[in-house]
Amino acid sequence: MKTLMRISMLTVSALAVTACTNLAPIYERPDVPVPPVIQAQLDSRLDNVTALTWQDVVQSEELESLIALALQENRDLRIAAANIEIARAQYGISRSALLPSVAVAGGATIGDTFDSTPAASQTYAEGARANVGVTSYELDLFSRVRNQNEAALQSWLATIEGKRSAEIAIASTVAQLWVQLATDKALLDLAEETVRVQGESLDLTRELLNAGVATELDTRRASTSVETARAQAAQSKAQIRQDLNALRFVVGTDLPPGILEAATLSPEPVLLQAPSSLNSDVLINRPDVLQAEYALIAANANIGVARAAFYPSISLTGEIGAISTDLGDLVGDAGTGWSFGPSISLPIFDNGQRQANLEASQAQRDLAVAQYEQAIQTAFQETADALAVAETIDERLSALTQLEEDTSVTLELSQERFRVGVDDYLSVLDAQQSAFDASRQLINAQRDQAINQVTLFQALGVNFGTPDQ
């Protein structure tokens, strides 16, 4: 028992010695690589955001359900989840090296020994042994193991943020495809209505041709307008099918029934007003930015691992056990013994391998710094671009709404003037084309507004995952 206590005290002492020197550089977060004027401009438009979830952003119940389905079925998210489990397991493996491994071993022998002489004699023998030992525990004098553990932990955290980033990207993609589907439906309705209205004009033109009022040229022009609208309708039908195919791919499974009918631009499927309580600091907490920072911290820790390779490493091996020549006496009268054996490894010459490893670790850290800064710059640019559209889209919609009204009235007046013989059909054709183009522009502007709003929320790192995250 005294021997066991002695080994235990030695092991505890070894653990106390391990927390000595940490050769990893002290981590300092790089400054935000964005000009102060840009950050000030964003802060003037974004002021203290509270965390939003995609349930706060999406206003269509059908779209909300579709996003939830995509978050369950999308294969990219399944890959991200698997990567998290791999990184978590690797962190567990690395963490286990911080504590000694204890192993139990035992064995027994039993047998007979015979003499080959005629007066054969027989000897019966049995024996047993049992021991408990600490196997090759490294004294972490220079924090090599701790830095490996830190790097594994940060890599694990980075994969978690990578999954969050993937959730945001997938959910926003579903929302954007939904808006595009609703847009193509509206364009199809416009084209089919144009075919109907202009088909009526073509019938009237043919009647006027028979009456000697219109000309063959007028009839051909009217027919051209109808066929152009039919071609637009066919194109919109094809685009709707492509939109549905894209949604199926992103969602990762068959679409629920009624999706096509539910996709509309009005009422708006997503929130069209950015929150008034935002601040540019929220961009530092975007998942992709956090992922880049965790990777930077891991790279910083790996420098400590590379530096520790220049110093000696000490490992401890110890065991205590019992041995007996009689199986029945293993516990009672067995003889006991112990051993304790430290070993040291001192690197001398390796053709520059350790120096190269250190330089590679430092270069990886420099790369991680650049990637972190790039992630921040990307976040600011995406947010600034989305805000630029958000600040001007209302003016654009207002102008296009008025344009649609003006071209509609112009078309009515042109048709009336043609009926009474004041103008030829060319003026009607021009008015029809202008009215059709104005309506298309208005629909596309409504699409741009909705998609830009989704893009803005994505740029802000809105939690499109699950509300409890």
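**Helix packing and cores in a predicted model**

Helices α6 and α9 pack with their axes 8 Å apart, at an angle of about 165 degrees. That angle makes α6 roughly antiparallel to α9, since angles over 145 degrees count as such. The crossing of this pair is left-handed. Sorted by class, the residues in the contact of α6 with α9 comprise 13 nonpolar, 9 polar and 5 charged. The coordinates discussed here belong to a predicted model, and every value below is computed from it.

It helps to step back to the chain as a whole. Its secondary structure comes to 11 helices and 4 strands. The chain has 469 residues, and buried residues make up 38% of them. Among contacts between residues at least 6 apart in sequence, 85% join residues at least 24 apart.

Two further helix pairs can be described in the manner of the first. Two packed helices are described by the angle between their axes and the distance between the axes. For α10, which spans residues 353-419, and α11, the axes lie 7 Å apart and the packing angle is about 160 degrees. These two helices are therefore roughly antiparallel to each other. The crossing in which α10 passes α11 is left-handed. In the contact of α10 with α11 there are 19 nonpolar residues, together with 16 polar and 6 charged ones.

Helix α11 also packs with α7. Here the axes come within 9 Å and cross at roughly 15 degrees. As angles under 35 degrees count as roughly parallel, α7 and α11 are therefore roughly parallel to each other. The crossing of α7 and α11 is right-handed. On the α7 side, Asp 218, Arg 221, Ala 222, Ser 225 and Gln 232 take part, and these meet Tyr 425, Leu 426, Leu 429, Gln 432, Phe 436 and Arg 440 of α11. By class, the contact of α7 with α11 holds 5 nonpolar, 3 polar and 3 charged residues.

Phe 436 leads on to helix α6, where Thr 194 is found. Leaving out residues up to four places away in sequence, Thr 194 touches Phe 436, along with Gly 199 and Ala 229. With a relative accessible area of 11%, Thr 194 is buried, the cut-off for this label being under 20%. Leu 188 is found in α6 as well. The relative accessible area of Leu 188 is 12%, so this residue is also buried. Beyond its neighbours within four places in sequence, Leu 188 is in contact with Ala 233, Ser 236, Lys 237 and Ile 240. The C-alpha atoms of Leu 188 and Ala 234 are separated by 8.1 Å, with the two residues 46 apart along the chain.

Turning to the nonpolar cores, the largest one has 39 residues, and those with the most contacts inside it are Leu 63, Leu 66, Ile 67 and Val 174. At least two residues of this core are supplied by each of α4 (61-73), α6 (144-210), α7 (216-251) and α11 (425-459). Helix α6 gives the largest share, with 14 residues. The surroundings of Leu 66 can be listed in full: not counting residues up to four places away in sequence, Leu 66 touches Val 174, Trp 178, Leu 247, Val 251, Leu 255, Pro 256 and Ile 259. Apart from this core lies another, of 21 residues, including Ile 284, Ala 292, Phe 457 and Leu 460.

Two more local features deserve a look. In helix α10, Phe 380 has its place. At a relative accessible area of 2%, Phe 380 is buried. Although Phe 380 and Leu 283 are 97 residues apart along the chain, their C-alpha atoms are separated by 7.1 Å. Finally, Ser 266 and Pro 267 are joined by a cis peptide bond, with omega about 0 degrees. Pro 267 sits in the loop between α8 (259-262) and α9 (287-308).

Technical notes. Residues numbered from 1 in each chain as written. Predicted model: local features only at pLDDT ≥ 70, side-chain atom pairs only at ≥ 80, totals over all residues. Heavy atoms only, no water. Core = buried A, V, L, I, M, F, W, Y, C linked by side-chain atoms within 4.5 Å. Buried < 20%, exposed > 50% of the residue type's maximum accessible area, 1.4 Å probe, protein only. Contact = heavy atoms within 4.5 Å. Axes fitted to C-alpha atoms, helices over the stretch in contact; angles between N-to-C directions. Parallel < 35°, antiparallel > 145°, perpendicular 65-115°, else oblique. Left-handed = near helix turned anticlockwise from the far one by under 90°. Nonpolar A, V, L, I, M, F, W, Y, C, P; charged D, E, K, R; others polar.
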